[in-house]
Amino acid sequence: MYLKDVARVQLGKFSYASNSFVDGNRAAYLLVYQLPGSNALATAKGVYAAMDNLKKTFPKDIDYVVPFESVSVIQVSIGEVVKTLGEALVLVVLVVFLFLQSWRATLITLLAIPVSIVGTFALFVPLGFTINTLTLFAFVLAIGIVVDDAIVVVEAVQVNLDKGMSPKDATREAMREISAPVIAIALILAAVFVPVGFIPGIVGRLYQQFAITIAVSVLISAFVALSLTPALCTLLLRPMHIDEKAKGLDRFFYKFNQWFERVTNAYSNGVKRLIKLTPLVIVGLVVVYVGTALLFRAKPTGFIPTEDEGRLIVTYEIPEAASTSRSLVVLNKVMDILKKQPYVAHFSALGGLNAITFASKSNSGTVFIQLKPWEERTERGMQADSLVVKLQKALSVLNDARPQVIQPPAIPGLGQSSGFTFEIQQRETNDDVKAFDNVVQNFLAEANKRPEIGRAFSYFTAKAPAYRVDVDRDKCKKLGISVSNVYRTMQTYLGSQYVNDFIIYGRKFRVVAQADTMYRTDVQNLGQYYVRNQGGQLVPISTVIKTTIIENAPLISHFNLFRSVELNGGAKPGFSSSQANDALREVAAKVLPAGYAYDFGGLSREEINAGNSSIYIFMLSVGFVFLFLAALYESWSVPFSVLLSVPIGALGAIIALILFPYLTNNVYAQIGLITLIGLAAKNAILIVEFAKERVDKGEDLLESTIEAVRLRLRPILMTSLAFILGVFPLALASGAGGVARATIGRTVLGGMLAATSLAIFVVPVLYVGITKLAYGKKGLEALKTNAKKENEGKEEKPAQA
């Protein structure tokens with residue numbers, strides 16, 4: 001007798017629990033995961049090269065395709081940031097040339113950019129940083145910042161040259177005047193980011209790479225401004241003579257200078273009037289502080305925005321206990337729908353897997369979708385979040401399935417999808433799983449009524465039909481049947497059993513035994529399974545077992561040791577992730593009975609753990625800046641004239657975010673706010689440093705302040721416009737990684753516009769008011785008297801000699 005006489009023998013799959021397809025064709029998957037610390041782009045390049053080499057040995061009817069990957073989003077994002085970097089560089093060059101009006105001065109200034117950026121790259125290795133979107137964001141902002149110090153130096157030297165000084169004397173005099181402000185600005189910008197380096201967790205990692213990149217580049221730029229820039233000024237700069245007889249481009253510069261002179265006069269006159277109205281300015285500042293705080297409270301907060309990564313995931317479940325073949329019918333319908341969608345490039349389908357729970361079940365399936373490149377999806381409504389809605393609607397025709405279209409999480413590994421992850425836990429209750437299911441369904445019903453929740457769903461159920469098989473042990477003993485043989489027989493026939501291996505065609509195959517399909521379709525088939533007793537007789541298994549139809553949960557999960565059910569979903573458009581989380585908390589307080597509790601997972605957990613860390617970081621940064629300014633000015637009062645103007649920049653930032661409702665006050669916006677502290681302080685330092693130096697020499701407070709605002713307006717506007725236009729391409733970003741770029745770009749753009757247009761009026765008023773309070777009339781008179789005595793002493797010394 002041969003095996004073929006009693007069985008159907010065939011070469012087949014080791015397991016039929018899953019079925020895989022690519023673009024509708026049968027396929028086998030090769031999953032490649034990147035090792036920690038490796039280069040994603042280099043890894044992808046190596047994989048593609050290896051596959052191209054292996055393809056040479058494939059049979060003619062076999063090919064390969066990469067239907068789902070996460071590398072293209074990195075390539076495109078970095079490419080977009082590099083493009084933005086180039087655009088920012090061009091705009092900065094134009095601004096510098098417009099104000100300095102000399103290609104020599106422009107060249108000197110721009111040399112600070114490559115030196116600072118290359119120097120920063122050199123420190124990436126010891127710092128353990130990588131070239132990623134965050135560090136490239138930092139370099140985009142750094143382009144507008146690192147030229148500031150060089151601009152201040154070059155502008156000061158050029159002013160002295162135009163007075164008739166020699167290049168060396170002009171440079172020497174300029175460095176005597178502006179060395180202290182340059183050092184102060186660099187240290188202040190670095191100090192802003194010092195607290196960021198000590199933040200733990202994911203938020204800290206996001207802050208650190210951005211902040212330390214800028215801090216290092218600024219320190220290097222200050223060193224360049226104090227060494228290379230002065231040397232180049234003595235070699236390259238020449239006096240400029242632009243008058244009304246000038247022609248061509250010089251004629252334009254003459255007109256521009258005339259206009260700028262009028263602006264300077266209007267600005268200084270405006271400052272004079274505001275100084276007389278100091279009480280009203282203080283009241284206005286208080287209104288700004290309160291308004292800024294209220295706007296920040298009203299603006300929805302978020303964590304990390306969900307980007308269009310060019311990928312979507314569709315997962316579905318059909319009625320519980322449905323067969324694999326029935327699930328395959330639904331999977332084919334899903335693939336047919338996807339083939340008709342113009343925005344789908346490739347898709348890979350896997351029957352038997354639920355991508356949300358990552359459980360293998362016969363009634364589920366998942367399709368991983370690679371969207372067409374971003375440049376082919378530029379029309380309105382072709383971004384990933386809009387396509388989720390479109391595809392969800394297209395799949396609604398599947399009456400016998402519950403499909404869910406989701407985007408991957410913003411950070412891989414933190415959850416299975418974007419949006420929230422909410423865990424309902426059984427902590428202090430002995431309810432069975434069915435009672436737990438009722439609690440979950442009640443919670444979902446209430447949650448989906450909330451306006452903040454776009455959709456909340458869970459694939460948990462306790463109503464999956466099943467058969468419970470009870471073995472009559474006493475009867476087995478009477479009939480001489482081993483109980484273990486009963487279980488082994490059912491395992492072999494129903495679930496399959498690995499027997500051994502054999503070799504054929506030069507390959508090793510496994511031998512798996514299982515009852516044929518027709519003998520596994522009904523519970524009555526158990527009567528056709530036999531087990532041998534001790535006497536060698538075959539006894540039907542149905543003799544010693546009893547079957548009962550029951551309902552149970554096919555999957556029971558635990559979170560932090562407690563039995564739990566995971567709920568997924570996202571905020572409705574117009575609401576932020578924090579508002580969705582708050583809504584879930586409120587529903588939990590209302591619906592969950594005693595003994596039940598909740599927790600958050602994935603990105604939601606990280607967002608909640610981050611809490612109000614940004615507020616503490618902001619306060620620490622301001623504190624560090626204050627200490628540096630106090631040391632610089634040797635005064636506890638003067639730094640307030642700088643710091644009290646910083647919230648004006650924050651007001652501009654929050655207004656910029658409010659003007660674009662789809663942007664939230666998230667991690668990227670908070671990084672921008674930290675940057676604004678240093679940038680807003682920089683403008684104030686240029687005014688206060690100049691005025692304080694003259695006041696300390698005994699000059700009149702009001703005259704010194706007005707002279708400071710007149711002389712420092714040009715470098716302030718030059719450096720501020722260079723930065724503003726440098727980040728302008730970032731603010732207009734779209735496509736891959738566009739939300740993050742737009743968030744940080746618009747935050748700092750709005751903040752700098754406010755700091756440049758409003759704060760420069762407030763700073764001199766604050767300086768005059770605070771200096772009067774700190775010194776008093778007697779103190780200021782004493783400064784004048786001491787200065788007069790010193791000058792008289794200097795005049796007498798040569799005569800005595």
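Helices, in the numbering used here, are DSSP runs of at least four residues, counted from the N terminus. The structure on display is a predicted model, and this tour follows its salt bridges, of which there are 17.

**First stop: helix 7**

Select residues 167-193, which form helix 7, and show the side chains of Arg176 and Glu173. These two residues form a salt bridge whose closest N and O atoms are 2.6 Å apart. Arg176 and Glu173 are 3 residues apart in the helix, and therefore about one helical turn separates them. Both ends of the bridge can be checked against a surface display: Arg176 is partly exposed, with a relative accessible area of 48%, and Glu173 is partly exposed at 22%.

**Second stop: Lys361 and Glu320**

Select Lys361 and Glu320 next; their side chains meet in a salt bridge, at 3.4 Å from N to O. Lys361 belongs to strand 5 (residues 359-371), whereas Glu320 sits in the loop between strand 3 (311-317) and helix 12 (324-339), so the pair ties together parts 41 residues apart in sequence. Both residues are buried. Now add Glu317 and Arg402 to the selection: together with Glu320 and Lys361 they are linked in a network of salt bridges.

**Third stop: Arg450 and Glu586**

Finally, select Arg450 and Glu586, whose side chains form a salt bridge of 2.7 Å, N to O. Arg450 is found in the loop between helix 14 (433-447) and strand 8 (453-457), and Glu586 in helix 17 (residues 577-591), so this pair ties together parts 136 residues apart in sequence. Glu586 is partly exposed, with a relative accessible area of 43%.

Methods:
Residues are numbered from 1 along each chain as its sequence is written. This is a predicted model: local features need pLDDT of at least 70, side-chain atom pairs count only at pLDDT 80 or more; totals for chains, interfaces and linings use all residues. Side-chain values use heavy atoms; hydrogens and water are left out. A salt bridge is a side-chain nitrogen of Lys or Arg within 4 Å of a carboxyl oxygen of Asp or Glu. Helices (H or I, at least four residues) and strands (E, at least two) are DSSP runs, numbered from the N terminus. Buried means under 20% relative accessible area, exposed over 50%, partly exposed in between (1.4 Å probe, protein chains only).
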